[in-house]
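Reader: Could you take me through one part of this model closely? I'd enjoy a connected account rather than a list.

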Amino acid sequence: MDIVSNEQHKRVHPHKFTLWVAIASIIMMFAGLTSAFIVKSNLTGWRTIVLPKIFWVSTVVILASSVTMQMAIKAFKAREMQRYRSLMGVTVVLGLAFVICQVMGFGELWDQNIRFKGSSGAGQFFYAIAGLHGLHVLGGVVALIVMVVRSLIGRSKLYSAVPAEVMGMYWHFVDLLWLYLLIFFIIVG
(Lines give C-alpha, C1' and ligand atoms only; values in the text may rest on other atoms or scores of the structure.)
Protein backbone atom coordinates (compact mmCIF):
# COMPACT_ATOMS: atom_id res chain seq x y z
CA MET A 1 0.00 0.00 0.00
CA ASP A 2 2.84 2.41 0.80
CA ILE A 3 4.39 1.75 -2.61
CA VAL A 4 1.23 2.92 -4.38
CA SER A 5 0.94 6.10 -2.35
CA ASN A 6 4.64 6.91 -2.84
CA GLU A 7 4.26 6.37 -6.60
CA GLN A 8 1.25 8.71 -6.68
CA HIS A 9 3.16 11.45 -4.88
CA LYS A 10 5.96 11.29 -7.46
CA ARG A 11 3.62 11.86 -10.40
CA VAL A 12 3.06 15.28 -11.90
CA HIS A 13 -0.53 16.45 -11.60
CA PRO A 14 -2.26 16.30 -15.02
CA HIS A 15 -3.08 20.03 -14.91
CA LYS A 16 0.54 20.89 -14.21
CA PHE A 17 1.70 18.60 -16.99
CA THR A 18 -0.75 20.23 -19.41
CA LEU A 19 0.51 23.66 -18.40
CA TRP A 20 4.14 22.61 -19.01
CA VAL A 21 3.16 21.42 -22.50
CA ALA A 22 1.39 24.73 -23.15
CA ILE A 23 4.38 26.70 -21.86
CA ALA A 24 6.68 24.71 -24.15
CA SER A 25 4.43 25.57 -27.10
CA ILE A 26 4.38 29.25 -26.20
CA ILE A 27 8.17 29.27 -25.81
CA MET A 28 8.55 27.73 -29.27
CA MET A 29 6.22 30.33 -30.77
CA PHE A 30 8.11 33.26 -29.24
CA ALA A 31 11.47 31.67 -30.08
CA GLY A 32 10.35 31.46 -33.71
CA LEU A 33 9.18 35.07 -33.72
CA THR A 34 12.35 36.41 -32.11
CA SER A 35 14.46 34.29 -34.47
CA ALA A 36 12.60 35.74 -37.44
CA PHE A 37 13.26 39.19 -36.00
CA ILE A 38 17.01 38.48 -35.91
CA VAL A 39 17.02 37.19 -39.48
CA LYS A 40 14.98 40.12 -40.83
CA SER A 41 17.06 42.68 -38.93
CA ASN A 42 20.02 41.90 -41.20
CA LEU A 43 18.15 43.04 -44.32
CA THR A 44 18.74 46.42 -45.91
CA GLY A 45 16.19 49.09 -45.03
CA TRP A 46 15.64 47.75 -41.51
CA ARG A 47 14.46 50.39 -39.06
CA THR A 48 15.12 50.05 -35.34
CA ILE A 49 12.90 51.50 -32.64
CA VAL A 50 13.44 53.10 -29.27
CA LEU A 51 11.06 51.64 -26.72
CA PRO A 52 8.89 54.23 -24.99
CA LYS A 53 9.47 54.63 -21.25
CA ILE A 54 5.97 53.33 -20.48
CA PHE A 55 7.28 49.83 -21.20
CA TRP A 56 9.55 50.17 -18.15
CA VAL A 57 6.51 51.10 -16.09
CA SER A 58 4.68 48.04 -17.41
CA THR A 59 7.69 45.92 -16.43
CA VAL A 60 7.51 47.14 -12.84
CA VAL A 61 3.75 46.50 -12.85
CA ILE A 62 4.04 42.93 -14.10
CA LEU A 63 6.84 42.15 -11.65
CA ALA A 64 4.67 43.49 -8.82
CA SER A 65 1.84 41.26 -10.05
CA SER A 66 4.14 38.27 -9.80
CA VAL A 67 4.82 39.13 -6.16
CA THR A 68 1.10 39.48 -5.37
CA MET A 69 0.40 36.20 -7.17
CA GLN A 70 2.99 34.38 -5.06
CA MET A 71 1.59 35.94 -1.90
CA ALA A 72 -1.91 34.82 -2.96
CA ILE A 73 -0.73 31.22 -3.39
CA LYS A 74 0.87 31.34 0.05
CA ALA A 75 -2.38 32.72 1.53
CA PHE A 76 -4.39 29.96 -0.19
CA LYS A 77 -2.13 27.25 1.22
CA ALA A 78 -2.48 28.83 4.68
CA ARG A 79 -6.26 28.81 4.14
CA GLU A 80 -6.45 32.59 4.55
CA MET A 81 -9.18 32.88 1.94
CA GLN A 82 -10.00 36.57 2.41
CA ARG A 83 -6.33 37.48 1.97
CA TYR A 84 -6.13 35.12 -1.02
CA ARG A 85 -9.10 36.81 -2.71
CA SER A 86 -7.71 40.27 -2.03
CA LEU A 87 -4.28 39.41 -3.41
CA MET A 88 -5.79 37.75 -6.46
CA GLY A 89 -7.87 40.89 -7.01
CA VAL A 90 -4.73 43.03 -6.81
CA THR A 91 -3.05 40.68 -9.29
CA VAL A 92 -5.99 41.12 -11.68
CA VAL A 93 -5.74 44.92 -11.40
CA LEU A 94 -1.98 44.81 -11.97
CA GLY A 95 -2.45 42.51 -14.97
CA LEU A 96 -4.94 44.93 -16.48
CA ALA A 97 -2.62 47.85 -15.69
CA PHE A 98 0.16 46.03 -17.55
CA VAL A 99 -2.02 45.66 -20.63
CA ILE A 100 -3.08 49.33 -20.45
CA CYS A 101 0.60 50.38 -20.23
CA GLN A 102 1.33 48.22 -23.26
CA VAL A 103 -1.47 49.82 -25.26
CA MET A 104 -0.19 53.26 -24.25
CA GLY A 105 3.28 52.23 -25.43
CA PHE A 106 1.85 51.06 -28.74
CA GLY A 107 0.16 54.44 -29.04
CA GLU A 108 3.49 56.21 -28.53
CA LEU A 109 5.09 54.05 -31.21
CA TRP A 110 2.18 54.82 -33.53
CA ASP A 111 2.67 58.54 -32.88
CA GLN A 112 6.34 58.08 -33.89
CA ASN A 113 5.01 56.88 -37.26
CA ILE A 114 5.93 53.25 -36.59
CA ARG A 115 3.20 51.36 -38.41
CA PHE A 116 2.45 47.94 -39.85
CA LYS A 117 2.55 49.16 -43.44
CA GLY A 118 5.35 50.80 -45.33
CA SER A 119 8.88 50.37 -44.11
CA SER A 120 10.04 47.10 -42.71
CA GLY A 121 11.50 47.17 -39.29
CA ALA A 122 11.49 46.36 -35.64
CA GLY A 123 8.18 48.15 -35.02
CA GLN A 124 6.07 45.66 -36.92
CA PHE A 125 7.70 42.77 -35.11
CA PHE A 126 7.33 44.53 -31.78
CA TYR A 127 3.60 45.09 -32.33
CA ALA A 128 3.13 41.41 -33.19
CA ILE A 129 5.34 39.94 -30.47
CA ALA A 130 4.31 42.26 -27.63
CA GLY A 131 0.69 42.07 -28.79
CA LEU A 132 0.73 38.26 -28.60
CA HIS A 133 2.27 38.48 -25.16
CA GLY A 134 -0.46 40.93 -24.14
CA LEU A 135 -3.09 38.43 -25.29
CA HIS A 136 -1.49 35.78 -23.11
CA VAL A 137 -1.59 38.18 -20.16
CA LEU A 138 -5.27 38.96 -20.87
CA GLY A 139 -5.99 35.23 -20.93
CA GLY A 140 -4.30 34.98 -17.56
CA VAL A 141 -6.38 37.87 -16.23
CA VAL A 142 -9.56 36.09 -17.32
CA ALA A 143 -8.38 32.91 -15.55
CA LEU A 144 -7.58 34.95 -12.43
CA ILE A 145 -11.08 36.47 -12.46
CA VAL A 146 -12.61 33.00 -12.79
CA MET A 147 -10.56 31.80 -9.83
CA VAL A 148 -11.61 34.78 -7.69
CA VAL A 149 -15.29 34.25 -8.57
CA ARG A 150 -15.01 30.53 -7.82
CA SER A 151 -13.43 31.30 -4.46
CA LEU A 152 -16.33 33.60 -3.66
CA ILE A 153 -19.17 31.26 -4.63
CA GLY A 154 -17.58 27.80 -4.54
CA ARG A 155 -18.44 25.35 -1.84
CA SER A 156 -15.90 22.64 -2.41
CA LYS A 157 -15.24 19.96 0.18
CA LEU A 158 -11.85 19.19 -1.33
CA TYR A 159 -9.15 21.69 -0.59
CA SER A 160 -6.59 21.55 -3.38
CA ALA A 161 -3.91 24.15 -4.02
CA VAL A 162 -3.27 22.75 -7.51
CA PRO A 163 -5.41 25.32 -9.39
CA ALA A 164 -3.71 28.19 -7.56
CA GLU A 165 -0.29 26.65 -8.18
CA VAL A 166 -1.04 26.14 -11.88
CA MET A 167 -2.26 29.72 -12.19
CA GLY A 168 0.83 30.94 -10.37
CA MET A 169 3.12 28.98 -12.69
CA TYR A 170 1.41 30.46 -15.73
CA TRP A 171 1.48 33.98 -14.32
CA HIS A 172 5.16 33.79 -13.42
CA PHE A 173 5.83 32.42 -16.90
CA VAL A 174 4.19 35.37 -18.68
CA ASP A 175 6.12 37.70 -16.37
CA LEU A 176 9.43 36.05 -17.24
CA LEU A 177 8.45 36.00 -20.91
CA TRP A 178 7.95 39.77 -20.82
CA LEU A 179 11.37 40.23 -19.22
CA TYR A 180 12.92 38.12 -21.97
CA LEU A 181 11.12 40.11 -24.68
CA LEU A 182 12.08 43.45 -23.16
CA ILE A 183 15.74 42.46 -22.88
CA PHE A 184 15.63 41.01 -26.39
CA PHE A 185 14.29 44.24 -27.89
CA ILE A 186 16.78 46.35 -25.94
CA ILE A 187 19.77 44.27 -27.05
CA VAL A 188 18.77 43.16 -30.54
CA GLY A 189 16.10 45.69 -31.52
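Author: Happily; here is a walk along one helix and on to another. This is a predicted model, in which local features need pLDDT of at least 70 and side-chain atom pairs count only at pLDDT 80 or more, while totals for chains, interfaces and linings use all residues. Residues are numbered from 1 along each chain as its sequence is written, and side-chain values use heavy atoms, leaving out hydrogens and water.

Let's begin with α2, residues 14-40; helices here are DSSP runs of H or I with at least four residues, numbered from the N terminus. Its 27 residues should span 39 Å at 1.5 Å a residue, which agrees with end C-alpha atoms 39 Å apart; the expected span is 1.5 Å times one less than the number of residues. Leu19, Ile23, Ile26, Phe30, Thr34 and Phe37 of α2 are buried, meaning under 20% relative accessible area, with exposed over 50% and partly exposed in between (1.4 Å probe, protein chains only). Their cover includes α5 (122-153) and α6 (162-187).

That brings us to α6, where Trp171 lies. Trp171 counts as buried because its relative accessibility is 0%. Leaving aside residues up to four places away in sequence, Trp171 touches Ser65, Ser66, Met69, Thr91, Gly95, Val137, Gly140, Val141 and Leu144, contact being heavy atoms within 4.5 Å. Trp171 and Ala143 are 28 residues apart in sequence, with their C-alpha atoms 10.0 Å apart in space.

Ile186 also has its place in α6, but Ile186 is partly exposed, at 44% relative accessible area.

Key
Helix = DSSP H or I, 4+ residues; strand = E, 2+ residues; numbered from the N terminus.
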